[in-house]
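Here is a short note on the empty spaces in this model. Please read it with the structure open.

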Amino acid sequence: MTTPALLPLSGRRIPTLSPGASSFPHHRATLRLSEKFILLLILSAFVTLCFGAFFFLPDNSKHKRFDLGLEDVLIPHIDPPKEGKHSSGQVVIHGQGGHDEHRHREEEESLRDKIRADHERALQEAKEKLRKSREELQAEIQTEKNKVVEDLKKKDSGPKPLPPVPMPKVVGVSDGEPLEPDVKEKRDKIREMMKHAWDSYRQYGWGHNELKPLAKKGHSTNIFGNSQLGATIVDALDTLYIMGLHEEFRDGQEWIEQNLDFGVNAEVSVFEVNIRFIGGLLAAYYPLRTGSKCSGMAVFKMKAVQLAEKLLPAFNTPTGIPWAIVNLKSGVGRNWGWASAGSSILAEFGTLHMEFVHLTYLTGNPAYYQKVMHIRKLLAKMDRPNGLYPNYLNPRTGRWGQHHTSVGGLGDSFYEYLLKAWLMSDKTDAEARKTYDDAIEAIERHLIRKSNGGLTFIGEWKNGHLERKMGHLACFAGGMFALGADGSPDDKAGHYLQLGAEIAHTCHESYDRTVLKLGPEAFKFDSGLEAVAVRQNEKYYILRPEVIETYWYMWRFTHDPKYRQWGWEAAQAIDKYCRVSGGFSGVKDVYSSNPTYDDVQQSFFLAETLKYLYLLFSSDDLMPFESWVFNTEAHPLPVLHLGNITLPGSEPARR
């Protein structure tokens with residue numbers, strides 16, 4: 001980095017001297033600096049004297065509150081002191097009585113004395129400066145300049161150490177090795193697939209966000225600002241660790257320590273970098289095994305906090321609903337051009353809670369928690385058509401955009417995070433649980449239907465009409481219903497576990513009815529077609545995890561062997577049709593026996609798809625639900641057993 005030619009000093013600029021140059025380049029420049037220094041002191045004294053009287057002017061300002069109809073949510077306010085009014089309308093502070101006038105006179109006299117003293121002190125300092133020689137003045141200026149340089153060095157030396165916090169208590173974590181030899185063999189195969197994906201990225205795409213496995217080079221998309229942020233490295237870290245690939249984990253750790261820099265001039269998706277980067281870094285920070293020496297590294301926590309600070313400017317909107325995109329360098333935010341009338345997206349601004357709560361826990365900074373709770377409070381006050389949350393919300397006006405509701409793309413993880421906020425709080429965040437239950441009740445009433453062939457599916461609500469189409473992304477909901485069954489109202493635990501099983505069955509059918517035994521991006525339930533994609537642009541598979549995610553949750557809650565069987569079918573299909581010499585690639589048509597590749601190895605393939613498969617063939621004591629909650633990118637974060645400490649909106653912990 002080149003040294004700037006000018007350094008700021010008390011509102012002025014001082015030329016930087018090159019090494020070996022004289023401290024006094026020429027006489028006139030020295031006099032000019034000294035004269036400016038003296039004039040500045042005299043001017044400060046003059047300003048103090050002339051403008052001090054403004055302190056005594058009565059405060060007749062009138063404050064007007066901006067009203068969007070949600071002023072108590074959108075406009076921060078401070079509770080005023082207790083006040084009363086005389087019959088004349090004059091406001092007085094209770095308990096002061098007739099002593100107010102005398103007290104105010106004393107305060108004014110005290111303030112005048114302070115101003116006089118400040119004035120005399122400034123004049124005395126100016127006189128002392130006038131008595132000094134040019135050499136003494138130049139030395140003082142150089143001293144001040146050196147102090148500024150030193151302060152800048154301290155500022156650039158990196159963030160201050162974060163306060164120590166007790167590590168969440170994590171128990172019952174093991175390597176999860178299954179007892180059955182055939183299950184262990186399947187798990188070992190999944191581990192080998194992970195190693196092939198990682199080694200290929202390590203060889204051909206190292207440092208890039210993702211990999212083009214056929215072209216054998218790096219790949220990036222606009223969600224990462226086309227910068228080389230190593231998304232695959234951060235996303236894969238905890239999967240490597242869970243699988244016991246510690247050498248690979250250390251390679252990733254070393255790259256992060258030496259190369260991961262968020263000071264780039266790049267626009268990134270707030271949602272994507274939160275779930276992949278902040279989630280991935282936090283999951284790598286927390287120790288995944290008792291007594292581990294590989295994880296728990298402070299660098300992961302520090303990097304997560306550095307990135308979180310870069311995301312905070314996205315919340316600078318009239319409503320506090322964040323922009324979808326933010327520039328990491330400038331902090332300028334905007335929304336996707338295709339989103340309804342400049343709206344933010346429900347699944348994006350609603351999928352921040354887990355990571356931001358952990359950021360507040362680890363740093364002691366309440367800002368992160370306050371941001372996500374503000375979003376929840378705003379949504380709670382808004383009208384919802386038929387109890388449903390539309391996918392679009394304008395961050396300027398606080399009004400809904402197009403009335404489109406989906407449990408798939410644009411809406412999915414909003415509902416997931418309501419449930420997981422409750423689970424992560426050790427089931428004390430009753431507000432989150434109630435909001436989840438109400439939302440799921442509306443979804444079941446308006447979006448969930450049975451096809452003529454008996455398949456349960458989740459449609460999409462568009463302007464009062466149900467579209468009988470379900471996306472691959474919506475297949476995660478089977479696992480969500482099962483995860484939320486315990487604690488559901490009106491003794492409906494069995495009902496929601498059954499609903500989860502029905503969704504799992506439907507999504508398996510979407511896989512089984514293709515040539516490649518891999519599921520399409522979206523599938524219809526009308527015109528005699530069920531669980532089948534119709535449009536060409538819905539027939540692709542990009543290594544998505546959602547169906548396998550539901551298989552894993554259903555296995556954990558039921559131990560029905562069909563879920564492991566279905567998972568193994570999917571693993572075999574991925575290995576057969578998506579594996580290439582340079583990694584794994586998505587395919588463009590799952591109904592074609594001769595598919596073409598999209599040539600992208602998505603980072604979530606390593607973070608989610610392979611992790612869920614590995615967990616499916618592991619014992620239940622690997623990442624037990626009592627201790628861990630997985631974010632929407634499958635990064636495990638520990639349950640925060642806060643004891644008697646309660647966050648707003650929560651109930652005291654039950655014992």
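**Cavities and the largest pocket**

1. Start with the second largest cavity of this predicted model. Its lining is made up of Val-270, Phe-271, Pro-322, Trp-323, Ala-324, Ser-344, Ile-345, Glu-348 and Phe-349. Three elements each give two or more residues to this lining: α8 (270–285), β10 (344–345) and α10 (346–349).

2. What is the make-up of that lining by class? The residues around the second largest cavity divide into 7 nonpolar, 1 polar and 1 charged. Glu-348 is listed among the lining residues, and so is Ser-344.

3. The volume of the second largest cavity is about 60 Å³. In total, the model has 4 cavities of 30 Å³ or more.

4. Now turn to the largest pocket. The space in the largest pocket is about 760 Å³. Its lining has 31 residues. Which of them lie nearest the centre of the pocket? They are Phe-271, Glu-272, Arg-276, Leu-473 and Arg-544.

5. Several helices build the wall of this pocket. Those giving two or more residues to the lining are α8, α10, α13 (412–424), α17 (546–558) and α19 (603–616). The largest share comes from α8, with 4 residues.

6. By class, the lining of the largest pocket has 13 nonpolar, 7 polar and 11 charged residues.

7. Phe-271 deserves a second look. Phe-271 lines the second largest cavity, and Phe-271 is also among the residues nearest the centre of the largest pocket. Helices α8 and α10 likewise appear twice: they give two or more residues to the cavity lining and two or more to the pocket lining.

Conventions
Residues are numbered from 1 along each chain as its sequence is written. This is a predicted model: local features need pLDDT of at least 70, side-chain atom pairs count only at pLDDT 80 or more; totals for chains, interfaces and linings use all residues. Side-chain values use heavy atoms; hydrogens and water are left out. On a 1 Å grid over the protein atoms alone, a cavity is a set of points where a 1.4 Å probe fits but cannot get out, and a pocket is an open set with protein on both sides within 12 Å along at least five of seven lines; lining residues have an atom within 4 Å of a point. Grid points are joined across faces, edges and corners, and a volume is the space filled by probe spheres set on the points. Ala, Val, Leu, Ile, Met, Phe, Trp, Tyr, Cys and Pro count as nonpolar, Asp, Glu, Lys and Arg as charged, and the others, Gly among them, as polar.
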